[in-house]
Amino acid sequence: MKVLVIGNGGREHTLAWKLAQSARVQTVYVAPGNGGTALEGGLHNVPITEPDALADFAERERIALTVVGPEAPLAAGVVDQFRARGLRIFGPTQAAAQLESSKAFSKAFMKRHGIPTADYETFTDAAAAHAYVDAQGAPIVVKADGLAAGKGVVVATTLAEAHAAIDDMLGANPLGVQHNAGGARVVIESFMAGEEASFIVVSDGHHVQALATSQDHKRIGDGDTGPNTGGMGAYSPAPVVTPNVHARVMREIIQPTIAGMARDGIPFTGFLYAGLMIDAHGRPRTVEFNARLGDPETQVLLMRLKSDFFELLMHATDGTLDKASLEWDRRVALVVVMAAAGYPAAPRKGDVITGIPKPTAEAHVFHAGTTLDAQGRLLSSGGRVLGVAALGESVLEAQQRAYEFMRPIQFAGAQWRRDIGHRAIRQRP
């Protein structure tokens, strides 16, 4: 069978790589893909991004399954367009994708359905937002309502930071937030203390299969310092998600969300990503929802998945997810992101990349922001450039293997964190 993956990042490279491993899959097309998907065996880039043209391609090539990677095409309604033409596609509809594309929609949904999250207020007026922050004090969290490539959240430790974030999100918009209907809007939340984790499930609208747990590193600098990014690395499993926490997340967050979306008339099919904050008592609360796999969490999850990924998604699109089973490699997976000079504020593009090692059974380099030039040279083309992933018997071994695998890779201005996995290593020396 032929499969189409929509997107061009590290998540999409990993999705395509995993789907190509299925015995039933002949070819995986990636639209538009990147330098890594151009070089990976069994994958073929297609220079298409417009939804109708993608649907035309799927019809013409008799694509058996289309998988949507990033949030932007989901928010634009690509799933609705494919379904209207009778094409099999995995992902949420435009209405269901509001769980990610609108922070205001998501928070109102959680409040309505009793899903644990932080207290919040929503503002379109900057003066009112500033007055609210002054009344609440810091630390406090300011979120842009629309899509912002994972960078639309400011955890303000001072009032000055909070006020600057409000001015940015309701004014100058340096993050390039894609505003929803009604214009710029911010959600201001109370600060939640604890440890973050990523909890991702597959849903067919009614049934749910939980993927392995993972934890990513949002801050640019070692020790979780500096501005938020789209993610500088991740590892799986996440020790903070104990069996008791896992059961509570399913019971108090995931199942009520899937049931609530169905009751609201917008059943959620696709990957549902709950960003969690787990406090010292093991109580999970929802930081945010994403309507797709996380990046770089995808890299560590699919490194560990031993089950046939294509079969899983076919069950999910058939509404028979309860008949699927998942098997995981018992080892730890860890990925380190190599980012471009200037990331996240102003990433530089066009640097030549050399030294990428050939994949092994324990390590693989997934491309996030790369392209091939006319001479066949590999160039950087985005903020996050590469994800170097490895498996190991422990977090420490996976970490050491990933950094060792990264050693020969070079491009000007490359930056990466040197402590990915530090929380788990600290907890389990």
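**Aromatic pairs, a sheet and two cores**

User: Quick one to start: Phe 90 and Phe 271, buried or exposed?

Analyst: Phe 90 and Phe 271 are both buried, meaning under 20% relative accessible area (exposed is over 50%, partly exposed in between; 1.4 Å probe, protein chains only). Keep in mind that this is a predicted model, where local features need pLDDT of at least 70 and side-chain atom pairs count only at pLDDT 80 or more, while totals for chains, interfaces and linings use all residues. Residues are numbered from 1 along each chain as its sequence is written, and side-chain values use heavy atoms, with hydrogens and water left out.

User: How many aromatic pairs are there?

Analyst: Five aromatic pairs. Rings of Phe, Tyr and Trp (its six-membered ring) pair if their centres lie within 6.5 Å; planes under 30 degrees apart count as stacked, over 60 as edge-to-face and the rest as tilted. Phe 90 and Phe 271 have ring centres 4.9 Å apart and planes at 85°, so that pair is edge-to-face.

User: Which elements do those two sit in?

Analyst: Phe 90 is in strand 5 (residues 89-90) and Phe 271 in strand 16 (residues 269-278), so the pair ties together parts 181 residues apart in sequence. Helices (H or I, at least four residues) and strands (E, at least two) are DSSP runs, numbered from the N terminus.

User: And what about Phe 271 with Phe 309?

Analyst: Their centres are 6.4 Å apart and the planes are at 15°, so Phe 271 and Phe 309 are stacked. This pair links strand 16 to helix 12 (residues 309-318), with the two positions 38 residues apart in sequence terms. Phe 309 is buried, at 4% relative accessible area, and Phe 271 comes in at 3%. Phe 90, Phe 271 and Phe 309 form one aromatic cluster.

User: Switching topic: what's the order in the four-stranded open sheet?

Analyst: It goes 6-9-7-8, with antiparallel pairing. Two strands pair if DSSP finds at least two bridges between them. Strand 6 (120-123) and strand 8 (153-156) are at the edges with a single partner strand each, so one side of each has no neighbour in the sheet.

User: How many bridges join strand 7 to strand 8?

Analyst: Four bridges, between strand 7 (residues 140-144) and strand 8. Val 142 has Val 154 in strand 8 as its bridge partner.

User: Now the cores. Which residues of the largest one touch the most other members?

Analyst: Leu 4, Phe 82 and Ile 254, out of 46 residues. A nonpolar core is a set of buried Ala, Val, Leu, Ile, Met, Phe, Trp, Tyr and Cys residues joined through side-chain atoms within 4.5 Å. Several elements supply at least two residues each, including strand 1 (2-7), helix 5 (78-84) and helix 10 (243-263). Helix 10 gives the largest share, seven residues. There's also a second, separate core of 39 residues, with Trp 17, Leu 43, Ile 200 and Leu 301 among them.

User: Last one: where is Thr 298, and what is it in contact with?

Analyst: Thr 298 is in helix 11 (residues 297-304) and is buried, with a relative accessible area of 0%. Leaving aside neighbours within four places in sequence, Thr 298 is in contact (heavy atoms within 4.5 Å) with Arg 11, Thr 14, Leu 15 and Leu 293. The C-alpha atoms of Thr 298 and Tyr 235, 63 residues apart along the chain, are separated by 9.9 Å.
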